[in-house]
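Please open the model in a viewer and keep the sequence panel at hand. The tour below proposes a series of selections and states what is found at each.

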Amino acid sequence: MHWDIVFRNFDYFLIGAYPQGPLGGLAMTVILAVGGIFGAFWLGLGVGLMRISKKPSLRWPAMGFIEIIRGTPLLMVVFWFYFLAPVVFGHTLPEAESALIALIVFTSAYIAEIVRAGVEALPKGQMEAARGTGLSHFQAMTHIILPQALFNMIPSFVNQFVSLTKDTSLAFIIGVNELTKAATQVNNRTLTAPTEIFITIAVLYFIICYCLTEFSRYLERRINRYQARGR
């Protein structure tokens with residue numbers, strides 16, 4: 001075993017060549033994950049609300065977006081934004097930005113379906129009662145329906161964000177120097193410790209995802225206690 005190679009390159013796994021060179025490794029993975037989670041939540045929330053709208057002009061485009069993205073492998077979405085977006089927009093997108101946009105768009109389709117399911121799971125009388133107090137549909141949705149629905153959706157959101165964190169490894173395919181690419185670079189340079197290197201990378205991914213999963217379980221326990229008090 002050659003664990004000394006892992007120890008000598010451990011800082012490269014964590015931050016890449018930074019500060020002498022570009023930031024990479026685990027730090028880039030975390031940036032992609034956090035940026036993807038933030039962007040996917042807001043885009044998915046908007047698309048999800050369009051999906052449950054009674055207006056066909058909002059509902060049908062949202063349904064089309066969700067079905068197309070969910071029916072496309074994430075790898076193809078990453079390739080599309082990196083290779084085809086320059087044709088559409090007239091300029092090349094940097095690798096990290098391109099991968100981040102692909103992760104946001106892909107995950108937002110799943111977030112939209114979580115939002116739709118969460119809102120539709122609430123009793124219809126909630127909306128009717130809110131409208132009966134004189135609130136508009138928008139006010140009833142933002143002040144009455146969404147706060148309850150989003151509260152129940154938190155565990156599903158966290159599970160989706162765990163998947164997004166693991167999906168960041170696909171950014172490697174277009175040259176983003178995230179954790180998987182950092183490991184591949186070290187492995188190609190040394191050629192003597194692939195098992196040790198990729199075991200280390202797997203452990204780092206596991207630590208991130210386990211922390212998110214534990215956070216999800218903590219939220220589920222809090223929600224269950226809160227709902228039990230309300231009964």
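**The pocket**

Begin with helix H8, which supplies six residues to the lining of the largest pocket, the largest share of that lining. Helices here are DSSP runs (H or I) of at least four residues and strands (E) are runs of at least two, numbered from the N terminus. The model is a predicted one, in which local features need pLDDT of at least 70 and side-chain atom pairs count only at pLDDT 80 or more, while totals for chains, interfaces and linings use all residues. Residues are numbered from 1 along each chain as its sequence is written, and side-chain values use heavy atoms, with hydrogens and water left out.

The largest pocket holds about 720 Å³ of space. A pocket is an open set of points on a 1 Å grid over the protein atoms alone where a 1.4 Å probe fits, with protein on both sides within 12 Å along at least five of seven lines; lining residues have an atom within 4 Å of a point. The volume is the space filled by probe spheres set on the points, and grid points are joined across faces, edges and corners.

Next, select Ile52, Lys54, Met127, His137 and Met141, which are the closest to the pocket centre among the 22 lining residues. Then colour helices H3 (25-51), H6 (95-120), H7 (124-132) and H8 (137-167), the elements that each give two or more residues to this lining. Colouring the lining by residue class shows twelve nonpolar, three polar and seven charged residues. In this scheme Ala, Val, Leu, Ile, Met, Phe, Trp, Tyr, Cys and Pro are nonpolar, Asp, Glu, Lys and Arg are charged, and the others, Gly among them, are polar.

**The whole chain**

Zoom out to the full chain, whose secondary structure comes to ten helices and zero strands. The C-alpha trace spans about 70 × 50 × 30 Å along its principal axes. Of the 231 residues, 41% are buried; buried means under 20% relative accessible area, exposed over 50%, and partly exposed in between (1.4 Å probe, protein chains only). Among contacts between residues at least 6 apart in sequence, 71% join residues at least 24 apart, a contact being heavy atoms within 4.5 Å.

**Salt bridges**

How many salt bridges does a search of the whole structure find? The search finds six, each being a side-chain nitrogen of Lys or Arg within 4 Å of a carboxyl oxygen of Asp or Glu.

Select Glu113 and Arg51, whose side chains meet in a salt bridge at 3.9 Å, N to O. Because Glu113 lies in helix H6 and Arg51 in helix H3, this pair ties together parts that are 62 residues apart in sequence. Both Glu113 and Arg51 are buried.

Add Arg116, which forms a salt bridge with Glu113 at 3.2 Å, N to O. These two residues are three apart in helix H6, a separation of about one helical turn. The relative accessible area of Glu113 is 15%. Extend the selection to Arg70 and Glu120 as well: salt bridges that share partners join Arg51, Arg70, Glu113, Arg116 and Glu120 into one network. Glu120, also in helix H6, is partly exposed at 48% relative accessibility.

Move to Asp4 and Arg8, joined by a salt bridge of 3.0 Å, N to O. They are four residues apart in helix H1 (residues 3-8), about one helical turn. Asp4 is partly exposed at 38%, whereas Arg8 is exposed at 57%.

**Glu196**

Select Glu196 in helix H10 (residues 194-230). Glu196 is buried yet has no salt bridge, and the nearest side chain of opposite charge, that of Arg8, is 11 Å away. For this purpose Lys and Arg count as positive and Asp and Glu as negative, with His and the chain ends not counted. Setting aside residues up to four places away in sequence, Glu196 touches Met1, His2, Trp3 and Val6.

**Two loops**

Go to Pro19, in the loop between helix H2 (10-15) and H3. A cis peptide bond joins Tyr18 and Pro19, with omega about 10°.

Finish at Ser169, in the loop between H8 and helix H9 (179-190). Ser169 is partly exposed at 23% relative accessibility. Apart from neighbours within four places in sequence, Ser169 is in contact with Glu178, Thr180 and Tyr205. The C-alpha atoms of Ser169 and Leu32 are separated by 9.7 Å, and the two residues are 137 apart along the chain.
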